[in-house]
Each structure stands twice: as structure tokens, then as C-alpha cells.
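These are my notebook entries on a structure that I looked through for the first time. I set down each point that I looked up, in order.

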Amino acid sequence: MRIHRGGSAVVGLALCLGALAACGDSSDPATGQAATPPTAPSAESARTPASAKDDAASLDGKVVVLDPGHNGGNADHPTEVNKQVKIGNGSKACDTTGTETKAGYTEHAFTWDVSNRLAKLLRARGAKVALTRKDDKGVGPCVTERAAVGNKLKADAAVSIHADGASPSGHGFHVIEPVSIGRNADMVSGSARLGKALRDAYHNGTGIPYSNYLGEKAIDRRDDLGGLNMSTVPKVFIECGNMQNKADAAKLSSAAFRQRIAESLAKGFEGYLSS
């Protein structure tokens, strides 16, 4: 989530609330993308390896918030995304533009696609799922507003989905867990359990190795992310791979592999929420 681009201004941010309805099960192709554009999972591609409810633990009544990192309109609206917001122990930009592969497949498109695939799988298990944005062509919302969605819904768990933009020599995934800054102290231990559940399920399900450039056994801890600092419910970030690394980029750009990512994360939530 590192490359920053610029552009002009727009109005309005949207949060996907309202009866925890789906945020639209189709994604808009990003313009000018060489790689496969993000689309909603088809009936066939969205199937779990063993068809859902019979083999998956029930998540009835559980509330999950999925935060697809960045947004498709961010790059053209620097005034909005660069606005400073309070994150509990300082200030940071409202949001950022994210990164992309060398072929031009954007992080915001990746996170939107994976989040919708994951939402469908979790709903099939009985969970109530909300996304922090309603499409992939808007601006923001700010990191503080993203955290507020989980807080307002008293979510049982939340995850912010990203892909990294590190040196091309770096490969693998890592999970970012919160450090207590005071206001978020009560969610730190739950977040650590969630982070480990998602890490293990992601590693086992996708085969992507632990990051070789950041974190310890794919776990990193930070106190500078507003999405974690301002959360009062268990929440972590996952950097699903490094978009600047050729091998990682090939996987993240594949629709079939994104489905595998979603299935792996669903397993992680199932393990955490059923324990």
C-alpha cells in the first residue's frame, strides 16, 4: 500500500451500512488495466471447495466488517485523501492511493474483488457482513471512518485487506496487528488471536510464504495505522502479497487465485469466530 498518485477534487464518501446489505456483488473494471479486472465471483468460481453450509462451521449471528483498502477514485482527488485526520496518537492522511503491479493491476481493485468474494463466503456461513465502501470508483472513506464502521456495528471481527508495494526482491504476506495506544487497549488481545487465525489459514490455504522483508513469522505490530488505533473491536490488516514482486503479482492478478485467497480468509474467520 505504498505508491501515491495525484489528480483533482470530488465530493462525498460512502460507507456500506444499512441492514448490513451487500455492497454490490460486482466490481467495476479499473480503466486502463492490463490485468484481469476485478469482477464479482461467478456462481461457479465463488463456490467453496466443499459446498458451504454442510462443511463449514456456522457463523450465525456473527458480525464481520471487511475493509477493502484504498478506493478507485483516490488518485484523482488528492485534496480529499491527503486531508489530515486524528488517529489517536497523532495525525495521518485521510487515505492513500495504494500500489499496483508492473502490469497496472491496482491494489484498490484487488482489495475490492477479494472483499466481495470473502463477503459472499462468510454470508453463506451465516455471518452478517458489512463493507466499508460501496464500490471501487469513489474516494476514501478516511481511515477513521473505516474503523468507525466496525465500532458502530460492534463487529465480532474486522479485517483491512491490502497488498504491499515493497521492493521487488521482497515476497510473501504478513498480518499487521495493533499495539495499544490506550483507547484501543481492550481490542489488542482479541486482535492478536484474530491475526494468528487469519495468518495460519492464509498460509495453509494459499501457499504464499511468510514475508521475507517484514514481520516475524508474518506478524507485524504497528501503532501508526488509524484503522487499528481507532478500532474498538478486534481488527487486523493483511498484506496479501507484494505487488512489486513478479511471483506475488502473478498470483494476486489471477481471479482464480483471488478466490483461493477469499476461501482461505473465510477459514481463518471461521476458526476465530468459532473458538
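**Entry 1. Contacts along the chain**

What share of the contacts in the protein with a separation of 6 or more comes from residues 24 or more positions apart? I found that such residues account for 84% of those contacts. I note that this is a predicted model. I listed eight helices and eight strands in the protein. The chain has 275 residues, of which 54% count as buried.

**Entry 2. Confidence**

I then looked up the confidence of the prediction. The average pLDDT of the protein is 86, and 80% of the residues score at least 70. Over residues 3-53, however, pLDDT stays under 50. The model has 129 contacts beyond four places in sequence for this stretch. I keep in mind that predicted coordinates should not be read in detail where pLDDT is low.

**Entry 3. Aromatic pairs**

How many aromatic pairs does the structure hold? I recorded two. In one of them, the ring centres of Phe 173 and Tyr 202 are 4.7 Å apart and the planes stand at 55°, so I entered the pair as tilted. Phe 173 belongs to the loop between β5 (157-164) and β6 (174-178), while Tyr 202 belongs to helix α5 (residues 185-206), so this pair ties together parts 29 residues apart in sequence. Phe 173 has 0% relative accessibility and counts as buried. Tyr 202 is also at 0% relative accessibility and is buried.

The rings of Phe 173 and Tyr 210 have centres 5.9 Å apart and planes at 70°; because planes over 60 degrees apart count as edge-to-face, I entered this pair as edge-to-face. Tyr 210 sits in the loop between α5 and β7 (219-222), and Phe 173 in the loop between β5 and β6, so the pair ties together parts 37 residues apart in sequence. Tyr 210 is partly exposed, at a relative accessible area of 28%. I noted that ring pairs link Phe 173, Tyr 202 and Tyr 210 into a cluster.

**Entry 4. Helices α5 and α8**

I turned next to the packing of α5. Two packed helices are described by the angle between their axes and the distance between the axes. For α5 and helix α8 (residues 255-274), I read an angle of about 140° and axes 8 Å apart. The two helices, α5 and α8, are therefore oblique to each other. The crossing in which α5 passes α8 is right-handed.

Which residues of α5 meet α8? I listed Gly 190, Arg 193, Leu 194, Ala 197, Leu 198, Ala 201, Tyr 202, Gly 205 and Thr 206. On the α8 side, the residues met include Phe 257, Ile 261, Leu 265, Phe 269 and Tyr 272. An α-helix has 3.6 residues a turn, so residues three or four places apart point the same way. I remark that Tyr 202 appears in this contact and also in the ring cluster.

**Entry 5. Lys 196**

I looked up one further residue of helix α5, Lys 196. Is Lys 196 buried or partly exposed? At 34% relative accessibility, I count Lys 196 as partly exposed. Beyond its neighbours within four places in sequence, Lys 196 is in contact with Glu 177 and Arg 221. Lys 217 is 21 residues from Lys 196 along the chain, and their C-alpha atoms are separated by 9.9 Å.

**Entry 6. Helix α4 and its ends**

In helix α4 (residues 143-153), I found these buried residues: Val 143, Thr 144, Arg 146, Ala 147, Val 149 and Gly 150. What covers the buried residues of α4? The cover includes β1 (63-68), β2 (84-86), β3 (91-93), α6 (226-229) and β8 (235-242).

Pro 141 is placed in the loop between β4 (128-131) and α4. The peptide bond that joins Gly 140 and Pro 141 is cis, with omega about 0°. Lys 154 follows α4 and is found in the loop between α4 and β5. I noted that phi of Lys 154 is near 50°, a positive value in a residue other than glycine. Lys 154 is exposed, with a relative accessible area of 66%.

**Entry 7. Ala 218**

I closed with Ala 218, in the loop between α5 and β7. Phi of Ala 218 is near 70°, a positive value in a residue other than glycine. Ala 218 is buried, at a relative accessible area of 1%, whereas Lys 154 is exposed.

How values were computed
Residues are numbered from 1 along each chain as its sequence is written. This is a predicted model: local features need pLDDT of at least 70, side-chain atom pairs count only at pLDDT 80 or more; totals for chains, interfaces and linings use all residues. Side-chain values use heavy atoms; hydrogens and water are left out. Rings of Phe, Tyr and Trp (its six-membered ring) pair if their centres lie within 6.5 Å; planes under 30 degrees apart count as stacked, over 60 as edge-to-face and the rest as tilted. Helices (H or I, at least four residues) and strands (E, at least two) are DSSP runs, numbered from the N terminus. Buried means under 20% relative accessible area, exposed over 50%, partly exposed in between (1.4 Å probe, protein chains only). pLDDT is the predictor's confidence in each residue, from 0 to 100. Contact means heavy atoms within 4.5 Å. Axes are lines fitted to C-alpha atoms, for helices over the stretch in contact, and angles run from 0 to 180 degrees between N-to-C directions. Angles under 35 degrees count as roughly parallel, over 145 as roughly antiparallel, 65 to 115 as roughly perpendicular and the rest as oblique. A crossing is left-handed if the near helix is turned anticlockwise from the far one by less than a right angle, and right-handed if clockwise.
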